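User: Please take a close look at the cysteines in this structure and at how they are paired or left unpaired. I should also like to see that part set against the chains and the buried interior around it.

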Amino acid sequence: MAKHATPLLDQLESGPWPSFVSDLKQEAAARAKNENNIEYQISQDAVEDLLGVLELSYNHGRCHWKHGGIVGVFGYGGGVIGRYCDQPEMFPGVAHFHTMRVNQPGGKFYTAEYLRKLCDLWDFRGSGITNMHGSTGDIIFLGTTTPQIEEIFWELSHDLEQDLGGSGSNLRTPSDCIGAARCEYACYDTQAICYDLTQEYQDELHRPAFPYKFKFKFDGCPNCCVASIARSDISFIGTWRDDIKIDQEAVQAYIGGEIPPNGNAHSGRDWGAFDIDKEVINLCPTNCMWMEGKDLKIDTKECTRCMHCINVMPRALRIGDDRGLSMLVGAKAPILDGAQMGSLLVPFVKVEEPYDEIKEVIEAIWDYWMEEGKNRERLGELMKRQGFQKLLAATGIDPVAQHVQEPRSNPYIFWNEEEVEGGWDRDVNEFRKHHLR
Amino acid sequence: MAFVSSGYNTDKPMENRISDIGPKKYDLFYPPVIAKNKGKWLYHEILKPGVLVHVSETGDEVFTVRCGGARLMSTTHIREICEIAEKHCDGHLRFTTRNNIEFMVDSKDKVEPLIQDLESRKFDGGSFKFPVGGTGAGVTNIVHTQGWVHCHTPATDASGPVKATMDVLFDDFKDHKLPAQLRVSLACCLNMCGAVHCSDIAILGYHRKPPMLDHEYLDKMCEIPLAIAACPTAAIKPAKVEVNGETLKSVAVKNERCMFCGNCYTMCPSMPLADTEGDGIVIMAGGKVSNRISAPKFSKVVVAFLPNEAPRWPSTTATIKKIVEAYSAGANKYERVGEWAERIGWERFFDKCELPFTHHLIDDFRDPAYYTWRQTSQFKF
């Protein structure tokens, strides 16, 4: 028998898509039954009360969680987010219901053995409710009490050799796409560099010293499956500089209908026979492809590596061999001054351990932002406020035409005095000798 | 129950402390076929919705079965995922960026038993636990935020509208009949803990009432200068107020300058915005993050407001369904929602989707607004 009636939530149990309500209910029942005799360290009723408080929100159209609360583990300034219910007497099981962010493994690969250890810990010391995963990428433990936080961290770090993720004004948990592990489009090993930088910058991740949050995301190719270009302060996007590799026989196989286009992604509708002109050549954004007899030709110099032709014909076209990544900086969601897309800062850099060239850029950006950024100002907002030139100067990167979509359409150039012959100090009396008042 | 110590000593927090160790290293968890063929993959194909094969230059193949699920997940459910992974995949699995679960096997004969097992598992309430799909030119899982289940600033729930929307779009999760992939995302307030601002269709929680002022507590709970500085439109100023005959330091809000972002509430808990009628959903459309063919784009606001209709948000799901159907009928192969809208013109987008155009949809927020007005004689009647 459920502790709280949930007639509104119950309506979300029907329909085909996996119901989180059914899942919460099975967890509530499992805790009530406690078949494994777990010595629950937070309320056994936590999930019952979570369902109850959520039902109340469904009635009110408002949430019932209080604002923040400073909780954490000793020596860290992030990784734990305080959460208190604003109806603690009605729902004592979730009166204190803090979140813990656990740094996910690269590519979000797991073994059952490891996941079970996380589950054992979270059943014992938390609510048994998680997010797999949070938006930034962390494993999210949803709901525990203050006295359990150090205990959980101790067991995570000692028994599972696992650290927390980031929150607050620090480096947020970096995340990556599946990359070379299972994708032929990967231009660099996203997981290797993501792991390396995560380890290198543990201090920045755990101890808030920045003006605001800072995100790294690693996309192996311009398809951008982890959306780095839209949401990370530094977006690392794989790219290449040489020719797309062409298997002309496979091109003919696509033309002949032997291989379905786009990896069979359009199998649910009859789009007619594959037409390489219509579906590839004419959709190329730079018109750098053509057929010469039976051969597909690409003018590499004009290619902007949008991935469309490769996506359509993955068995015929492959990314080049001179691979690296582009760094785009300053992306963020709308709050406050509107959304910003990442802007190209480093057109190309090779991705080679120990990634010194990349780290130099990162650290120059941080120095600049920590010096100039206001409280709660994202890098992108600082760039908007001070201009892209300031970032170039701070990182020592030379301006190139690739940095802009188009050059400025106003001539209001902030010339530096040293750029103008003779400087700015002039004698007005000397001037007046030739120009009467 | 009695407190059980982990070994942590409150009096000596630094004793035997382990910190700054980072995450588990990724390659500890690679299935053998992944470890062996990393960086050697030649191509992939989607055998049917939800089922991929990747072929390596070594001749090895890995078959991936992708299934959807709620990102709000219990340990009971995770243990079931583990059981499936052990039964079919030697204990290996992964999650995708969009909250799907992927089970990988190294030979084709293991695929069908895995799919049958996944599709046979249902919750007591009747929904699928592990529906297979989410690939190719269809709808994949919705990325979303916490909503009412755990956040303090939401203007709508997350898990509920996601469940309701995916029920409506379920056929497109299971099929490849759209012109291109269609990514739906939800953020329960404009802090946007996900990248919903670049999605084919974005569901965004939004407040419409300025903050209430809890004068009696405001100066005790908040740093007033921080609350004032938090406002992007400078709508907040310091004020002295009389409460029960006592003069207190507080703030005043110029309501007509408020665009309801909630940033003041983030800095000051005595300025809550949430409201049953005021809160609801904005629908945005036409964004993308891929660089394929055209540059990444922001989603545009196409419906200014829909009410929170718990538990199933019918106005929201009906609007999304209409957009998906109009897109599916009108777009060319490979064309994303935003590319389709730009080709036919946004005026035509509103016709095709049968959505009313209202003054709310014309940008009036700062400089970028100007660039969105029509500055050509070219338009469609």
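Analyst: The answer below begins with the cysteines and then turns to the two chains, their nonpolar cores and two asparagines.

The model is a predicted one, and every value that follows is computed from it.

**The disulfide**

Over all chains, the count of disulfides comes to 1. The bond is formed by B:Cys222 and B:Cys268, whose sulfur atoms lie 2.1 Å apart. These two cysteines are 46 residues apart and link distant parts of the chain. B:Cys222 is placed in the loop between α6 (215-221) and α7 (224-230) of chain B, while B:Cys268 sits in the loop between α8 (263-267) and β11 (280-285) of chain B. Because the torsion about the S-S bond of B:Cys222 and B:Cys268 is about 70°, the disulfide is right-handed.

Both partners can also be described by their accessibility. B:Cys222 has a relative accessibility of 8% and therefore counts as buried. For B:Cys268 the relative accessibility is 0%, so this cysteine counts as buried too.

**Cysteines without a bond**

Two cysteines of chain A deserve separate treatment. A:Cys288 is in no disulfide, and the nearest cysteine sulfur, that of A:Cys284, is 3.8 Å away. The cut-off for a disulfide is a sulfur pair within 2.5 Å, a limit that the 3.8 Å between A:Cys288 and A:Cys284 does not meet. With a relative accessibility of 4%, A:Cys288 counts as buried.

For A:Cys225, the closest cysteine sulfur is that of A:Cys221, at 6.3 Å, which is too far for a bond. A:Cys225 has a relative accessibility of 58% and so counts as exposed. Thus A:Cys225 is exposed, whereas A:Cys288 is buried.

**The chains that carry these cysteines**

Chain B, which holds the disulfide, contains 11 helices and 12 strands. Its C-alpha trace spans about 80 × 75 × 40 Å along the principal axes. Of the 381 residues in chain B, 59% are buried. When contacts between residues at least 6 apart in sequence are taken in chain B, 64% of them join residues at least 24 apart. The surface exposed by chain B is about 15,400 Å², with 53% supplied by carbon and sulfur atoms. Chain B has 46 positive and 46 negative charges, and their mean positions are 4 Å apart.

Chain A has 15 helices and 14 strands. Along the principal axes, the C-alpha trace of chain A spans about 90 × 75 × 45 Å. Buried residues account for 58% of the 437 residues in chain A. In chain A, 64% of contacts between residues at least 6 apart in sequence join residues at least 24 apart. Its accessible surface is about 18,300 Å², and carbon and sulfur atoms hold 49% of that area. The 44 positive and 67 negative charges of chain A have mean positions 5 Å apart.

**The nonpolar cores**

The largest nonpolar core has 94 residues, and the members that touch the most others are A:Phe214, A:Phe216, A:Phe236, A:Ile362 and B:Phe103. Residues of both chains thus appear among these members. Beyond its neighbours within four places in sequence, A:Phe236 has contacts that include A:Tyr188, A:Leu197, A:Phe216, A:Phe218, A:Leu325, A:Met327, A:Ile358 and A:Ile362. Polar or charged partners of A:Phe236 include A:Lys217, A:Asp219, A:Ser228 and A:Ser326. Apart from this core lies another, of 69 residues, with A:Ala28, A:Leu50, A:Leu142 and B:Leu72 among them.

**Two buried asparagines with contacts in both chains**

A:Asn262 is located in the loop between α9 (248-255) and α10 (276-279) of chain A. Its relative accessibility is 12%, so A:Asn262 counts as buried. Setting aside residues up to four places away in sequence, A:Asn262 touches A:Asn311 and A:Val312 in its own chain, and B:Arg292 and B:Tyr334 in chain B. The C-alpha atoms of A:Asn262 and A:Ile365 are separated by 39 Å, the two residues being 103 residues apart along the chain.

B:Asn99 lies in the loop between β5 (92-95) and β6 (101-105) of chain B. B:Asn99 has a relative accessible area of 5% and is therefore buried. With residues up to four places away in sequence left out, B:Asn99 touches A:Met132 and A:His133 of chain A. In chain B, the residues that B:Asn99 touches include B:Gly69, B:Arg71, B:Asn141, B:Ile142, B:Val143 and B:His144.

Definitions and conventions:
Residues are numbered from 1 along each chain as its sequence is written. Chains are lettered from A and ligands numbered from 1 in the order in which they are written. This is a predicted model: local features need pLDDT of at least 70, side-chain atom pairs count only at pLDDT 80 or more; totals for chains, interfaces and linings use all residues. Side-chain values use heavy atoms; hydrogens and water are left out. A nonpolar core is a set of buried Ala, Val, Leu, Ile, Met, Phe, Trp, Tyr and Cys residues joined through side-chain atoms within 4.5 Å. Buried means under 20% relative accessible area, exposed over 50%, partly exposed in between (1.4 Å probe, protein chains only). Contact means heavy atoms within 4.5 Å. Helices (H or I, at least four residues) and strands (E, at least two) are DSSP runs, numbered from the N terminus. Accessible areas come from the Shrake-Rupley method with a 1.4 Å probe; for residues, only the protein chains shown count as cover. Lys and Arg count as positive and Asp and Glu as negative; His and the chain ends are not counted. The place of a charge is taken as NZ of Lys, CZ of Arg, CG of Asp or CD of Glu.
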